[in-house]
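Colleague: I'm new to this one. Could you take a close look at a single strand for me and walk me through its surroundings?

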Amino acid sequence: MKITSAPHPVPTVVRGESLDSIHRAREATRAFTDTLTPAPDPERTDTFLLVVSELATNALRHGGGRYTLQLFAGPDTLTAAVSDLSSAAPRERTPDLNGGGGGFGWHMVRHLTSHLTLTSAPGTGKTIHAQLPR
C-alpha cells in the first residue's frame, strides 16, 4: 500500500530583514517539515534547510535587504519561494576560496534543487521558487 500525503494546507511565511531572521527561517522550515505526513527523510530535510538558508541569505545580501519566504509541500515536492526587492537575477560568481567573500550559494542551490524558477514582480523585485523532491 502506497502512502501519499495531501498538500500542506497553509503555506508557512517568514519575513526577514536581518541576519537574525535567517535563524528564524531555518526554525520555521524545520517546524514546517516536522508537520508533514509522511515526513521527509532527515537528509532531505537538511537539504531543504540549506536551500532556504542560502536563498534567504542571498536575498538579504544581494536583493535589497529584505525577503519573504513561503514554504509549500505537495505529495512529491517541497518548495521554498523567496521574494526580495531586487529585479536582478541571481548570477554565478567564482567562489572566493581564500578571503571568505562567498560565491558558493547560488551554485549550491542549483545543484541541490530539482527545479528552479525566477518570477519577476510587477515594478521591482523577484521570487525564486526552489523545488526538491520530497
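Modeller: Sure, here is a tour of one strand, β3, and what lies around it. Keep in mind that this is a predicted model, where local features need pLDDT of at least 70 and side-chain atom pairs count only at pLDDT 80 or more, while totals for chains, interfaces and linings use all residues. Residues are numbered from 1 along each chain as its sequence is written, and side-chain values use heavy atoms, with hydrogens and water left out.

Strand β3 covers residues 77-84 (strands are DSSP runs of E, at least two residues, and helices are runs of H or I, at least four, numbered from the N terminus). Six of its eight residues are buried, meaning under 20% relative accessible area with a 1.4 Å probe, protein chains only.

On one hand there's β2 (residues 67-73), which pairs with β3 in the antiparallel sense over seven bridges; two strands count as paired if DSSP finds at least two bridges between them. A hairpin of three residues joins β2 to β3, and Thr68 stands opposite Ser83. β3 also pairs with β5 (residues 126-133), again antiparallel, over eight bridges. There, Ala81 has His129 as its bridge partner, and Thr77 has Pro133.

Zooming out, the five strands make an open antiparallel sheet in the order β1-β2-β3-β5-β4. β1 (12-16) and β4 (115-120) each have a single partner strand, so one side of each is left without a neighbour in the sheet.

Definitions and conventions:
Buried means under 20% relative accessible area, exposed over 50%, partly exposed in between (1.4 Å probe, protein chains only).
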